[in-house]
Amino acid sequence: MKAVVTVIGKDKKGIIAKVSNILFENDVNILDISQTIMQDMFTMIMLVELESKSATLKHIVDMLEEAEKELGLSIHVQREEIFTSMHRI
């Protein structure tokens, strides 16, 4: 299953490392990634593919919510088809 992960917050060291490590530990493959810093705000969007049968989307969301609180970010995960439907004109 593919999903879109968005990360927004005040720029600080370790954001990419923390998020990508959580994904790696849960056997999630990053298919595409775009990140930028606008003034002091960090923004990142990732297209990922959940490959593990043992790590559920709920578990990954829970892990990312912990990182969200720890780093003071806004992290959202949506299934790719939902994200695409919401952003279709």
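Mentor: Two strands pair if DSSP finds at least two bridges between them. The model discussed here is predicted.

Trainee: Over how many bridges do E1 and E4 pair, and in which sense?

Mentor: Strand E1 covers residues 2-10, and strand E4 covers 73-79. Within this pair, Gly9 has Leu73 in E4 as its bridge partner. E1 and E4 pair over 7 bridges, and the sense is antiparallel.

Trainee: Which residue in E3 stands opposite Ile33?

Mentor: Strand E2 (residues 28-38) is joined to strand E3 (residues 41-50) by 10 bridges, and the two run antiparallel. They form a hairpin with 2 residues between them, and Gln39 in the turn has a positive phi of about 60°. Opposite Ile33, in E3, stands Met46.

Trainee: Which are the edge strands of the sheet?

Mentor: The sheet is open and has 4 strands, with antiparallel pairing and the order E2-E3-E1-E4. An edge strand pairs on one side only, and that holds for E2 and E4. On average, neighbouring strands are turned by 15° against each other, direction ignored. The edge strands are thus E2 and E4.

Trainee: At what angle does H2 run to E4?

Mentor: Helix H1 (residues 15-25) lies across E1, E2, E3 and E4 and runs at about 15° to E3. Helix H2 (residues 57-71) also lies across E1, E2, E3 and E4. Its angle to E4 is about 165°.

Trainee: Why is H1 described as roughly antiparallel to H2?

Mentor: The two helices pack with their axes 10 Å apart, at an angle of about 165°. Angles over 145 degrees count as roughly antiparallel, so H1 is roughly antiparallel to H2.

Trainee: How do the residues of the contact of H1 with H2 divide into nonpolar, polar and charged?

Mentor: H1 passes H2 in a right-handed crossing. H1 contributes Ile15, Lys18, Val19, Ile22 and Leu23, while H2 contributes Ile60, Met63, Leu64, Ala67, Glu70 and Leu71. The division is 9 nonpolar, no polar and 2 charged.

Trainee: Is Ser74 buried, partly exposed or exposed?

Mentor: Ser74 is found in strand E4. Leaving aside residues up to four places away in sequence, Ser74 touches Thr6, Val7, Ile8 and Glu68. Its relative accessibility is 26%, and the range from 20% to 50% is the one between buried and exposed. Ser74 therefore counts as partly exposed.

Trainee: What distance separates the C-alpha atoms of Ser74 and Lys10?

Mentor: Along the chain, Ser74 and Lys10 are 64 residues apart. In the model, their C-alpha atoms are separated by 9.7 Å.

Notes:
Residues are numbered from 1 along each chain as its sequence is written. This is a predicted model: local features need pLDDT of at least 70, side-chain atom pairs count only at pLDDT 80 or more; totals for chains, interfaces and linings use all residues. Side-chain values use heavy atoms; hydrogens and water are left out. Axes are lines fitted to C-alpha atoms, for helices over the stretch in contact, and angles run from 0 to 180 degrees between N-to-C directions. Contact means heavy atoms within 4.5 Å. Angles under 35 degrees count as roughly parallel, over 145 as roughly antiparallel, 65 to 115 as roughly perpendicular and the rest as oblique. A crossing is left-handed if the near helix is turned anticlockwise from the far one by less than a right angle, and right-handed if clockwise. Ala, Val, Leu, Ile, Met, Phe, Trp, Tyr, Cys and Pro count as nonpolar, Asp, Glu, Lys and Arg as charged, and the others, Gly among them, as polar. Buried means under 20% relative accessible area, exposed over 50%, partly exposed in between (1.4 Å probe, protein chains only).
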